[in-house]
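Please open the model in your viewer and keep the selection tool at hand. The tour below goes from one selection to the next and says what is found at each stop.

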Amino acid sequence: MESYLEGGGVKIFFENELVVADFHLPNKSCILYVSECDVVAGNSYKRRLVRYRNSSSSFHELVLVENTRLSEQYFSAVQKFVVFDLGLTLLPVSGQTEASQLITQMVHGDGRENPFRRRSSSRLLDPLVLALVQQVPGVGRVKALALLQHFSSIQQLCNAAPAKLEPVVGQSAAQQIHSFFHKHTAGS
DNA sequence: GGCGAAGGGAT
DNA sequence: ATCCCTTCGCC
């Protein structure tokens, strides 16, 4: 391990390259830590983020990103990737000290409401997402339901290639869906 | 929520 | 080509 910090009776270890997540918290959350080194070094952190995102754990996935003087010029790009492309929750921190304080608060706040927890993802959000997906031309109740079973997020759905959509909704609807999400980015 | 027309999917 | 299912506009 690289280092550890202690705050409020909670020991926090920073390690290199754990399997998927860097932290698992008691409140059903896990954390991936992106350091300023990762950000400055290039795009290789994206691989780890995608793997993290695709590791379908039952935990709510958070991403802590160091936003420092060294890495701030890259921050908006990281933010766009994490939030928009992957649909994850991003929390900027100034360094490991602030990260450990944040994690400590989240651990201590367990039992109380976790402000970073997504509001009941499956039960409350699904009807809204379902209604949203049905706004796509050629997609009604049945196809929307099928799509949501095969794609775990809107991000994955709207970035999906027609070939990925086709086995789920058929060729015609697959093309309509792809066109709908790409109609103003000079698509096919 | 239910009906009917039109279109697409599967066989 | 045919049947069945889905979408969608309408009441």
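Which residues surround DNA strand C? Select Pro 137, Gly 138, Val 139, Gly 140, Arg 141, Val 142 and Lys 143, which surround this strand, a residue being near a strand if one of its heavy atoms lies within 4 Å of it.

Before going further, note that this is a predicted model, in which local features need pLDDT of at least 70 and side-chain atom pairs count only at pLDDT 80 or more, while totals for chains, interfaces and linings use all residues. Residues are numbered from 1 along each chain as its sequence is written, chains are lettered from A and ligands numbered from 1 in the order in which they are written, and side-chain values use heavy atoms, with hydrogens and water left out.

Stay with DNA strand C and show its atoms: of those within 4 Å of the protein, 100% belong to sugar or phosphate. Now display the protein backbone, where an N or O atom of Gly 140 lies 2.8 Å from a phosphate oxygen of DNA strand C, and where a backbone N or O atom of Lys 143 is likewise 2.8 Å from a phosphate oxygen of that strand. For Arg 141, the distance from a backbone N or O atom to a phosphate oxygen of DNA strand C is 3.2 Å.

Next, select DNA strand B, around which you will find Gly 170, Gln 171 and Ser 172. A polar backbone atom of Gln 171 is 3.2 Å from a phosphate oxygen of DNA strand B, and a backbone N or O atom of Ser 172 also lies 3.2 Å from a phosphate oxygen of this strand.

Turn now to the interior and select Val 34, Leu 49, Tyr 52, Val 63, Val 65 and Val 82, which have the most contacts inside the largest nonpolar core, a set of 17 residues. Such a core consists of buried Ala, Val, Leu, Ile, Met, Phe, Trp, Tyr and Cys residues joined through side-chain atoms within 4.5 Å, where buried means under 20% relative accessible area with a 1.4 Å probe, counting protein chains only. Strand S4 (29–34), helix H2 (44–54), strand S5 (60–66) and helix H3 (72–85) each supply at least two residues of this core, and the largest share, four residues, comes from H3. Helices here are DSSP runs of H or I with at least four residues, and strands are runs of E with at least two, numbered from the N terminus.

Finally, look for another core, lying apart from that one, which has 15 residues, among them Leu 147, Phe 151, Ala 160 and Val 169.

Key:
A polar contact is a pair of N or O atoms within 3.5 Å; within protein, one must be able to donate a hydrogen and the other to accept it, and residues adjacent in sequence count only if both atoms are side-chain atoms. Buried means under 20% relative accessible area, exposed over 50%, partly exposed in between (1.4 Å probe, protein chains only).
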